[in-house]
Amino acid sequence: KVFEEKRAELERIEAEVLAAAQAHAAKIDGLMVQITRKAGLDGRLFGSVSNFDIADALAAQGFTIDRAAIRLPDGPLKAIGDSHIDVALHHDVIAKITVSVLGEH
């Protein structure tokens, strides 16, 4: 009986966490974030744009995202242009954002 009560409590907490993640995903899904970095004439960046930079850019727009939730499967962005990035807010909730890297000379 104690086990069933504990399980019901854990399921309720998990449902609340999932609902909060879905609400957060609805706010940021489809969002575009612009980041400006120094770049060469060939469009390659001097340095790169990491998940830390993307989290900072999202924070500047008022969205608090853990940088570990930002998925960069090919590693940091190293060229100007748009990249479609997944943000895993929960193991069942993934929002898609666009990161537009702009070059400056």
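Contact here means heavy atoms within 4.5 Å. Keep that cut-off in mind while walking through this predicted model.

Start with helix α2. The buried residues of α2 pack against four strands: β1 (32-38), β2 (44-49), β3 (70-71) and β6 (93-104). Which residues of α2 are buried? They are Asp53, Ile54, Ala55, Ala57 and Leu58. A general point about helices helps here. An α-helix has 3.6 residues a turn, so residues three or four places apart point the same way. After α2 comes glycine 62. Its phi is positive, near 95°.

Now take one residue of this helix. Aspartate 53 lies in α2, which spans residues 51-60. Is aspartate 53 buried or exposed? Aspartate 53 counts as buried because its relative accessibility is 17%, and buried means under 20%. Its side chain reaches back to the backbone nitrogen of serine 50, at 2.9 Å. Leaving out residues up to four places away in sequence, aspartate 53 touches Ile35, Arg37 and Ser48.

Next, move to strand β2, the home of valine 49. Valine 49 has 0% relative accessibility, so this residue counts as buried. What does valine 49 contact, beyond its neighbours within four places in sequence? The partners are Ile35, Arg37, Ile54, Leu72, Pro76, Leu77 and Val101. Ile54 is also one of the buried residues of α2. Glutamate 9 is another matter. It sits 40 residues from valine 49 along the chain, and the two C-alpha atoms are separated by 41 Å.

Turn to the sheet. Four strands form an open sheet in the order β1-β6-β5-β3, with mixed pairing. β1 and β3 are the edge strands, each pairing on one side only. Inside the sheet, β5 and β6 pair in the antiparallel sense over 9 bridges. Histidine 84 has threonine 98, in β6, as its bridge partner.

Histidine 84 leads on to the largest pocket, since this residue is part of the lining. The volume of the largest pocket is about 180 Å³. Which residues line it? One stretch of the lining is Arg71, Leu72, Pro73, Asp74, Gly75, Pro76 and Leu77. The others are Ser83, His84, Ile85 and Asp86. Strand β5 (residues 81-90) gives the most to this lining, with 4 residues. By type, the lining divides into 5 nonpolar, 3 polar and 3 charged residues. Leu72, Pro76 and Leu77 appear in this lining, and these three are also among the contacts of valine 49.

Definitions and conventions: Residues are numbered from 1 along each chain as its sequence is written. This is a predicted model: local features need pLDDT of at least 70, side-chain atom pairs count only at pLDDT 80 or more; totals for chains, interfaces and linings use all residues. Side-chain values use heavy atoms; hydrogens and water are left out. On a 1 Å grid over the protein atoms alone, a cavity is a set of points where a 1.4 Å probe fits but cannot get out, and a pocket is an open set with protein on both sides within 12 Å along at least five of seven lines; lining residues have an atom within 4 Å of a point. Grid points are joined across faces, edges and corners, and a volume is the space filled by probe spheres set on the points. Helices (H or I, at least four residues) and strands (E, at least two) are DSSP runs, numbered from the N terminus. Ala, Val, Leu, Ile, Met, Phe, Trp, Tyr, Cys and Pro count as nonpolar, Asp, Glu, Lys and Arg as charged, and the others, Gly among them, as polar. Buried means under 20% relative accessible area, exposed over 50%, partly exposed in between (1.4 Å probe, protein chains only). A polar contact is a pair of N or O atoms within 3.5 Å; within protein, one must be able to donate a hydrogen and the other to accept it, and residues adjacent in sequence count only if both atoms are side-chain atoms. Two strands pair if DSSP finds at least two bridges between them.
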